[in-house]
Amino acid sequence: MKSVPLVAVVLGSKSDQAVADSVTRELGKLGIPYEVKILSAHRTPKQLEEYVDSSNASVYIAIAGLAAHLPGFIASRTLKPVIGVPISAKLGGMDALLSIAQMPPGVPVATVGVDNGENAALLAARFLSLYDESVARALRDYKRG
Ligand code: RP5
């Protein structure tokens with residue numbers, strides 16, 4: 001998308017692409033500009049830090065499996081809302097779900113269901129709709145499928 005991205009969609013690995021696609025499909029339906037980055041809290045921490053420090057996005061959606069520290073890492077670098085999407089890479093996604101949900105007090109991350117990129121996009125839209133009337137309108141007109 002060409003306009004300034006409102007949502008930064010960050011995935012920990014190319015292997016998370018299918019869920020990232022479900023996020024961007026919903027954002028696209030709602031007309032919300034986004035950008036997608038593959039950056040890892042463990043494999044590329046420096047680049048991830050630089051990206052978050054320079055990003056103008058209003059909301060982050062962070063998609064990760066296994067020991068999923070990506071959303072928490074981002075939340076430690078920004079005061080903007082971070083939505084974590086746990087991926088079912090192993091253990092049915094329980095490892096990632098708990099890694100994302102069990103953040104220490106003071107560093108909140110919103111957590112959606114395992115592999116539920118659709119809800120992450122819709123939750124991001126709800127945040128944006130608080131100040132963006134075009135997103136609020138798109139949400140009111142939104143139809144699933
Ligand atoms: C996490 O480890 C990624 O988010 C991915 O879900 C999982 C496996 O990554 P790959 O080994 O497939 O790159 O960091």
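A crossover is right-handed if, with the strands pointing away from the viewer, the path from the first strand over the helix to the second runs clockwise. The exercises below use a predicted model.

**Exercise 1. Work out which crossovers involve strand 4, and their hand.**

Step 1. Begin with the unit that leads into strand 4. Strand 3, helix 3 (residues 70–75) and strand 4 form a β-α-β unit, and the unit is right-handed.

Step 2. Continue along the chain. From strand 4 the chain passes through helix 4 to strand 5, in a β-α-β crossover that is right-handed.

**Exercise 2. Establish the strand order of the sheet and find its edges.**

Step 1. The sheet is open and has five strands in the order 2-1-3-4-5, with parallel pairing.

Step 2. Strand 2 (34–38) and strand 5 (110–111) each pair on one side only, and these are the edge strands.

Step 3. Now look at the pairings of strand 4. Strand 3 (residues 59–65) pairs with strand 4 (residues 82–87) in the parallel sense over six bridges. In this pairing Tyr 60 stands opposite Val 82, and Ala 64 has Pro 86 as its bridge partner. Strand 4 also pairs with strand 5 in the parallel sense, over two bridges; here the bridge partner of Ile 83 is Ala 110.

**Exercise 3. Identify the strands that helix 2 and helix 4 touch, and give the angles.**

Step 1. Helix 2 (residues 45–54) packs on the sheet and touches strand 1 (7–11), strand 2 and strand 3. Its direction makes about 175 degrees with that of strand 1.

Step 2. Helix 4 (residues 94–101) also packs on the sheet, touching strand 3, strand 4 and strand 5. The direction of helix 4 makes about 165 degrees with that of strand 4.

**Exercise 4. Decide whether strand 4 is covered on one face or both.**

Step 1. In a regular strand the side chains alternate between the two faces of the sheet.

Step 2. On one side are Val 82, Gly 84 and Pro 86, and on the other are Ile 83, Val 85 and Ile 87; all are buried, and both faces are covered.

Step 3. Six of the six residues of strand 4 are buried, so the strand is largely enclosed by the rest of the structure.

**Exercise 5. Classify Thr 24, Ile 32, Leu 91 and Asp 115 as buried, partly exposed or exposed.**

Step 1. The cut-offs are under 20% relative accessible area for buried and over 50% for exposed, with partly exposed in between.

Step 2. Thr 24 belongs to helix 1 (residues 17–29). Its relative accessible area is 13%, so Thr 24 is buried. Apart from neighbours within four places in sequence, Thr 24 is in contact with Val 9, Tyr 34 and Val 36.

Step 3. Ile 32 lies in the loop between helix 1 and strand 2. With 0% relative accessibility, Ile 32 is buried.

Step 4. Leu 91 is in the loop between strand 4 and helix 4. Its relative accessible area is 67%, so Leu 91 is exposed. Leu 91 has a positive phi, near 55 degrees, and is a residue other than glycine.

Step 5. Asp 115 sits in the loop between strand 5 and helix 5 (117–129). At 32% relative accessibility, Asp 115 is partly exposed. Asp 115 is not a glycine, yet has a positive phi of about 65 degrees.

**Exercise 6. Describe the largest pocket and its lining.**

Step 1. The largest pocket holds about 310 Å³ of space.

Step 2. It is lined by 18 residues, and those closest to its centre are Gly 12, Ser 13, Arg 43, Gly 65 and Leu 66.

Step 3. Strand 3 supplies the largest share of the lining, three residues.

Terms used: Residues numbered from 1 in each chain as written. Predicted model: local features only at pLDDT ≥ 70, side-chain atom pairs only at ≥ 80, totals over all residues. Heavy atoms only, no water. Pairing = 2+ DSSP bridges. Helix = DSSP H or I, 4+ residues; strand = E, 2+ residues; numbered from the N terminus. Contact = heavy atoms within 4.5 Å. Axes fitted to C-alpha atoms, helices over the stretch in contact; angles between N-to-C directions. Buried < 20%, exposed > 50% of the residue type's maximum accessible area, 1.4 Å probe, protein only. 1 Å grid on protein atoms, 1.4 Å probe; cavity = no way out; pocket = protein on both sides within 12 Å on 5 of 7 lines; lining within 4 Å. Points joined across faces, edges and corners; volume = space filled by probe spheres on them.
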